[in-house]
Amino acid sequence: NGPFHDLHHDIASLNMSNGASLGKMRLLKKLMTPKVSYKPQLSSPNALPKKFSILRGDTVEVINGPCTGERGVVSSVLRKNARLIIEGVNVRSRKLKSNPARGLSAKVQDKAVSVHYSNVNLVCPVMDKPTRISRKYLEDGTKVRVSKLSGAIIPRPLILSERRRPQRTELTEKETKEEDVFEVTYEKERKGIKG
């Protein structure tokens with residue numbers, strides 16, 4: 001009835017016959033078990049990297065998967081899933097429905113989909129090739145990323161120095177004004193101290 005029906009019949013006949021060897025039984029049993037593809041990066045949440053060496057704004061190259069060899073700049077890092085969204089890499093098209101009430105027409109939109117962290121390497125700034133990295137301390141105590149390919153220091157992207165949400169500069173009515181911060185509005189009475 002199924003693809004393994006004949007194999008089950010063979011195992012049953014081997015069990016009944018006296019001349020069946022134990023080696024053949026083990027082999028057939030091994031052939032019967034379904035093969036499970038093992039991907040450690042998807043197996044458990046403990047498989048997440050302890051420290052992310054790839055940051056937003058880094059230039060990376062895909063080293064494994066259907067997009068192998070493609071390069072781009074990391075637009076966001078999804079740390080909970082250990083995935084990266086890279087501009088211009090692994091782009092999928094989505095069909096958007098029209099909505100006449102809002103005045104939107106139907107269109108096809110291209111969107112970058114995430115790539116797993118383990119399938120991507122940083123690009124060495126000197127050799128212009130994908131490289132693994134190590135971490136080292138400089139003489140002044142700052143921690144830097146170092147290319148294993150050339151030994152060059154990979155600087156942090158400049159985009160990280162800017163805030164994604166800029167801080168507000170104007171004061172609202174709920175915030176305290178600067179001149180009111182140090183104003184003394186309460187004086188505690190001292191008991192039992194004669195001055």
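In the predicted model, Asp-58 is buried, at 5% relative accessibility. Asp-58 forms a salt bridge with Arg-145, and the closest N and O atoms of the two are 2.8 Å apart. Because Asp-58 sits in the loop between H3 and E1 while Arg-145 belongs to strand E10, this pair ties together parts that are 87 residues apart in sequence. Arg-145 likewise counts as buried, with a relative accessibility of 6%.

Ser-53 is also found in the loop between helix H3 (40-43) and E1. With 15% relative accessibility, Ser-53 falls in the buried class. When neighbours within four places in sequence are left aside, the contacts of Ser-53 include both Asp-58 and Arg-145. The remaining contacts of Ser-53 are Tyr-117, Leu-122, Ile-133 and Arg-135.

The count of salt bridges comes to three. One of them joins the side chains of Glu-61 and Arg-71, at 2.8 Å from N to O. Glu-61 lies in strand E1 and Arg-71 in strand E2 (residues 71-78), so the bridge ties together parts ten residues apart in sequence. Glu-61 is buried, its relative accessible area being 13%, whereas Arg-71 is partly exposed at 34% relative accessibility. Arg-71 forms a salt bridge with Asp-128 as well, and here the closest N and O atoms are 2.9 Å apart. Asp-128 is located in the loop between E7 and strand E8 (130-131), and Arg-71 in strand E2, so this pair ties together parts that are 57 residues apart in sequence. Through shared partners, Glu-61, Arg-71 and Asp-128 are joined by salt bridges into one network. Within this network, Asp-128 counts as partly exposed, with 46% relative accessibility.

The largest nonpolar core comprises 16 residues. Those with the most contacts inside this core are Ile-54, Val-60, Leu-84, Ile-86 and Val-120. At least two residues of the core are supplied by each of strand E1 (59-62), strand E3 (83-86) and strand E7 (120-123). The surroundings of Leu-84 can be listed in full. Not counting residues up to four places away in sequence, Leu-84 touches Ile-54 and Val-120, both of which are among the core residues with the most contacts. Leu-84 further touches Val-74, Ser-76, Val-77, Val-113, Ser-114, Val-115 and Tyr-117. Tyr-117 is thus listed as a contact of Leu-84 and as a contact of Ser-53.

An open sheet is formed by three strands in the order E9-E10-E11, with antiparallel pairing. Strand E9 (133-137) and strand E11 (153-154) are the edge strands, each pairing on one side only. Strand E10 (residues 143-147), which contains the salt-bridged Arg-145, pairs with E11 in the antiparallel sense over two bridges. Val-146 has Ile-153 of E11 as its bridge partner.

The loop between E10 and E11 holds Leu-149. Leu-149 is partly exposed, with a relative accessible area of 41%. Together with Val-126 and Met-127, Leu-149 forms a nonpolar patch on the surface. The accessible area of these three residues together is about 270 Å².

Conventions. Residues are numbered from 1 along each chain as its sequence is written. This is a predicted model: local features need pLDDT of at least 70, side-chain atom pairs count only at pLDDT 80 or more; totals for chains, interfaces and linings use all residues. Side-chain values use heavy atoms; hydrogens and water are left out. A nonpolar core is a set of buried Ala, Val, Leu, Ile, Met, Phe, Trp, Tyr and Cys residues joined through side-chain atoms within 4.5 Å. Buried means under 20% relative accessible area, exposed over 50%, partly exposed in between (1.4 Å probe, protein chains only). Helices (H or I, at least four residues) and strands (E, at least two) are DSSP runs, numbered from the N terminus. Contact means heavy atoms within 4.5 Å. Two strands pair if DSSP finds at least two bridges between them. Patches are made of residues with over 30% relative accessible area and no salt bridge: like charges are joined within 9 Å, nonpolar side chains (Val, Leu, Ile, Met, Phe, Trp, Tyr) within 5 Å. Accessible areas come from the Shrake-Rupley method with a 1.4 Å probe; for residues, only the protein chains shown count as cover. A salt bridge is a side-chain nitrogen of Lys or Arg within 4 Å of a carboxyl oxygen of Asp or Glu.
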